[in-house]
Amino acid sequence: MSPAFFENLFAAGIARGTPLLLAALGEIVAERSGVLNLGLEGIMLASAMTGVAAAHAAGPLAGLAAAVAVGAAFGLLHAFLSVSLRCDQVVTGLALVFVGAGLASVGGAPLVGLSPAAPHFAALPIPGLEDLPFFGPVLFSHSWLVYLGFAAVPVVHYFLTRTSWGLAVTACGEDPMAALAVGVRVARVRYSCVAFGGAMAGLAGGTLSLSVTPGWVDGLTGGQGWIAVGLVIVGGWRPLPAAAGAFLFGAIHRLSLDLQGTGHEFFQDPNVGYFLNMLPYLSAIVVLVVASVARRQAGAPASLGRS
Amino acid sequence: MTWAPKIVVEPRIERSRSLLFLSPMAGLAAGILLGAVGLEILGIRSGAAFLAILRAGFTGGPYSLSDTATKACPLILCALGCAVAFKAQLWNVGAEGQLLVGAWAATGIATFVVPAGAPSVLMLAAMAAAGAVAGAVWGAIPGLLRARFQTSEILTSLMLVYVAVHWNNYFIYSAWSDRGFQMTPLYPENAWLPRLGDLAGEAPAFSGMTLHAGFLAALVAAGWLWVLLKRTRFGFELHVSGLNIKTARHAGMPVKRNMVLAMALSGCMAGLAGMCEMSGVVHRLQENFSPGYGFTAILVAWLARLNPAAIVLVSLLLSGLLVGSKQIQPSGIAMMLQGVVLTSVVAADFFARFRIRFEPGVQEEA
């Protein structure tokens, strides 16, 4: 395995991990405010489909905007059900997966197999930095959405830990009654956070269908929404570990393809491919268990998921 | 000062029995309405669509009823399994994966283990046992991880669904493939569950009907599960664990053991559903034989409020929808309608849990 192998792997890992990262960042904010949103898979599917549809009509930027709007709409719906109607957040999240997945399947039917698959965002190498050995192609030769992801991590971290709004969010997630007592408008904060989470999931879906794997096929996300939910737990509700996890999973997704391309006999056997396809999901389970053992779950917001 | 009524929302102390039934009905109605609106937006004529669904699923004569009941069989079994887990607040979202491995195990027995000449009862029993065990193992894994490490069973059971898909694909496309086709060889005769259509000799009205003995098994399972949940100690312990796990622990109940058992039982039912679908309908392992039974089962279990009798009813309703939705393209409509209905019912549940009062009040003028 040459250095080029790792270069490609890490570069692809970062590109493929960006939707995971964006969705996970949004979910971190939502869960920090105390609302569990399990609907990410459905939201990502619906927004990915909408993004492609809108991009065909009016270009990739319009597609991205449409994807974000759809995500925010789903987020608001979940907020209404969870915050205003105090419904069980697990069930409403699952219901949204049904709705989103069904919507994507129905609306996406005419979009499958179109050529060109979708107007998409081309890579935007940063002049100068792109020529760095190894780091150039790995970090600085991606589409602008990846750079957005890079920037989003410190921004979300700063927001959550250093601003008074962030403090209000954390307060809502830990003890909403106490927050209410000091004047924090819990419902309003939660609505905003969940809508933001939905918008980020929409952005993730749009990134997936307009940048990472342009075009639409049924079930495009392949479980990435669920992995994003898991990343929040694994990352201890903090942006930076979640980002590391996202890029790691991006690389694992890509690994099975790359291994089959190395020419090594074992991986050329097509039967091995089926088991390589299981790799992202099995590693997700392993990472979740490791995180549980390391007591990451102790870092959960105390009022998470309580209606 | 002016008179202005105040709207007060307060939680109900006692859940009103009539509303427990009415609110899901209202939610169902609202969901159907919203679904119709959604269909219209997507350019599909909702009136014609719903009529087509009704006809294909329910009112189109005995054949439609037979089709509906046939589809309800795996749904009932999966939903019963989900209900067991949900009772203990264990969210088994991976029933689809457990169904898939159950189907795989049953196929293995039918194709490679029990000879084609063996008595049918033996073959079917072996397949059922294999399907049950495979599903139980697939369900026990998230259960074990939850009991031992407190890892979220939602995420682990869901990841295992994707693993199960690829696992089955390996056997469908490669290891057990029938001469390179995308399916395993057809089951021998003794691996087929008896169908109504087999009685066509004595009762010509039954000819061509696909309803199979698995449906009876599902009904029996529903009865058995009712007894388990309402009349046994295990059921009681699950109930307490679901309400308050600390109480259960303090009372000395083997909480961790019950967690694993509940998830294993849940998976076992789904595995049986997979076996029934194989033996009763498909008769060979192939991809996408399940239109998401494991996921629809979650909806069924929740709508039925975990009551086994209600599960049978709701399953029949929803499988009618599934049968009928085959008439309308595209196929994602069934899933979308299920999602809209579930969302509406969940929202309507608000009225069962909270009471809205209008209090006469006064408003100070500024």
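Let me begin with what I mean by a contact: two residues are in contact if their C-beta atoms, placed from the backbone, lie within 7 Å. What you see above is a predicted model, and I will start with the place where its chains A and B meet. Chain A brings 37 residues to that contact, and chain B brings 35.

On the chain B side, the elements that contribute two or more residues are helix 5 (120–149), helix 6 (153–175), helix 11 (293–303) and helix 13 (332–353) of chain B. Helix 13 of chain B gives the most to this side, with 13 residues. If we sort the chain B residues that touch chain A by character, we find 22 nonpolar, 12 polar and 1 charged.

Now let me turn to a pair of helices within chain A. The axes of helix 6 (residues 144–162) and helix 7 (residues 164–174) of chain A come within 5 Å and cross at roughly 75°, and because angles of 65 to 115 degrees count as roughly perpendicular, helix 6 of chain A is roughly perpendicular to helix 7 of chain A. Helix 6 of chain A makes this contact through Phe159(A), Leu160(A), Thr161(A) and Arg162(A), while helix 7 of chain A uses Trp165(A), Gly166(A), Val169(A) and Thr170(A). By character, the residues of this helix contact are 4 nonpolar, 3 polar and 1 charged.

Finally, the core. The largest nonpolar core has 226 residues, and those with the most contacts inside it are Leu77(B), Cys78(B) and Ala301(B). Leaving aside residues up to four places away in sequence, Leu77(B) touches Ala218(B), Ala221(B), Met269(B), Ala270(B), Leu272(B), Ala273(B) and Cys276(B).

How values were computed: Residues numbered from 1 in each chain as written. Chains lettered and ligands numbered in written order. Predicted model: local features only at pLDDT ≥ 70, side-chain atom pairs only at ≥ 80, totals over all residues. Helix = DSSP H or I, 4+ residues; strand = E, 2+ residues; numbered from the N terminus. Nonpolar A, V, L, I, M, F, W, Y, C, P; charged D, E, K, R; others polar. Axes fitted to C-alpha atoms, helices over the stretch in contact; angles between N-to-C directions. Parallel < 35°, antiparallel > 145°, perpendicular 65-115°, else oblique. Core = buried A, V, L, I, M, F, W, Y, C linked by C-beta atoms within 7 Å. Buried ≥ 20, exposed ≤ 12 C-beta atoms within 10 Å, placed from the backbone.
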